[in-house]
Amino acid sequence: MEWKSYGLNVKVRPQSSDQIHLQSDIALEISEPNTALSVNGVPALTRRKLDTKMNSLDGETVVLSD
């Protein structure tokens with residue numbers, strides 16, 4: 001058996017050429033134990049991923065939704 005971490009993993013790579021306009025690469029992964037797919041009492045992990053690119057201005061609030 002191998003232990004695997006789960007939960008929310010967020011990676012953001014912002015880039016800016018003028019410190020006002022931002023271009024960001026965003027990668028989100030959410031994983032949780034799934035007892036319906038367990039083997040010998042060990043649950044499997046269910047994962048959902050989102051990869052996107054985003055343009056924004058410095059100081060703007062950004063919301064990502066599924």
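## A first look at an all-strand chain

A compact globule of 66 residues would have a radius of gyration near 11 Å, whereas the protein chain here comes out at 17 Å. Please keep in mind as you explore that this is a predicted model. Taken along the principal axes, the C-alpha atoms fill a box of roughly 55 × 20 × 15 Å.

What is the chain built from? It has 3 strands and 0 helices. Starting at the N terminus, the elements follow the order β-β-β.

Next, the surface. The protein chain exposes about 5,800 Å², and carbon and sulfur atoms supply 51% of that area. Buried residues account for 11% of the 66 residues. As for charge, the chain carries 7 positive and 9 negative charges, and the mean positions of these two groups are 9 Å apart.

Contacts along the chain can be sorted by how far apart the partners are in sequence. Among those between residues at least 6 apart, 39% join residues at least 24 apart.

One residue to look up in the 3D view is S31, which lies in strand β2, a strand covering residues 21–39. Is S31 buried or exposed? S31 counts as buried because its relative accessibility is 6%, and the cut-off for buried is under 20%. Which residues does S31 touch, once its neighbours within four places in sequence are left aside? The contacts are S5, Y6, G7, T46 and R47. S31 can also be compared with R48: the two are 17 residues apart in sequence, yet their C-alpha atoms are 6.4 Å apart in space.

Y6, one of the contacts of S31, leads us to the aromatic rings. The structure holds 1 aromatic pair. W3 and Y6 form this pair, with 6.5 Å from centre to centre and 55° between the planes. Why is the pair called tilted? The angle of 55° falls between the two limits, under 30 degrees for stacked and over 60 for edge-to-face, so the pair counts as tilted.

How accessible are the two ring residues, and how does S31 fit beside them? The table puts these residues together.

| Residue | Relative accessible area | Class |
|---|---|---|
| W3 | 72% | exposed |
| Y6 | 48% | partly exposed |
| S31 | 6% | buried |

Y6 is partly exposed because its 48% lies between the cut-offs of 20% and 50%. W3, at 72%, is exposed. Y6 therefore links two parts of this tour: Y6 pairs with the ring of W3 and is in contact with S31, a residue of strand β2.

Note on methods:
Residues are numbered from 1 along each chain as its sequence is written. This is a predicted model: local features need pLDDT of at least 70, side-chain atom pairs count only at pLDDT 80 or more; totals for chains, interfaces and linings use all residues. Side-chain values use heavy atoms; hydrogens and water are left out. Rings of Phe, Tyr and Trp (its six-membered ring) pair if their centres lie within 6.5 Å; planes under 30 degrees apart count as stacked, over 60 as edge-to-face and the rest as tilted. Buried means under 20% relative accessible area, exposed over 50%, partly exposed in between (1.4 Å probe, protein chains only). Helices (H or I, at least four residues) and strands (E, at least two) are DSSP runs, numbered from the N terminus. The radius of gyration is taken over C-alpha atoms; the globule rule is 2.2 Å times the number of residues to the power 0.38. Contact means heavy atoms within 4.5 Å. Accessible areas come from the Shrake-Rupley method with a 1.4 Å probe; for residues, only the protein chains shown count as cover. Lys and Arg count as positive and Asp and Glu as negative; His and the chain ends are not counted. The place of a charge is taken as NZ of Lys, CZ of Arg, CG of Asp or CD of Glu.
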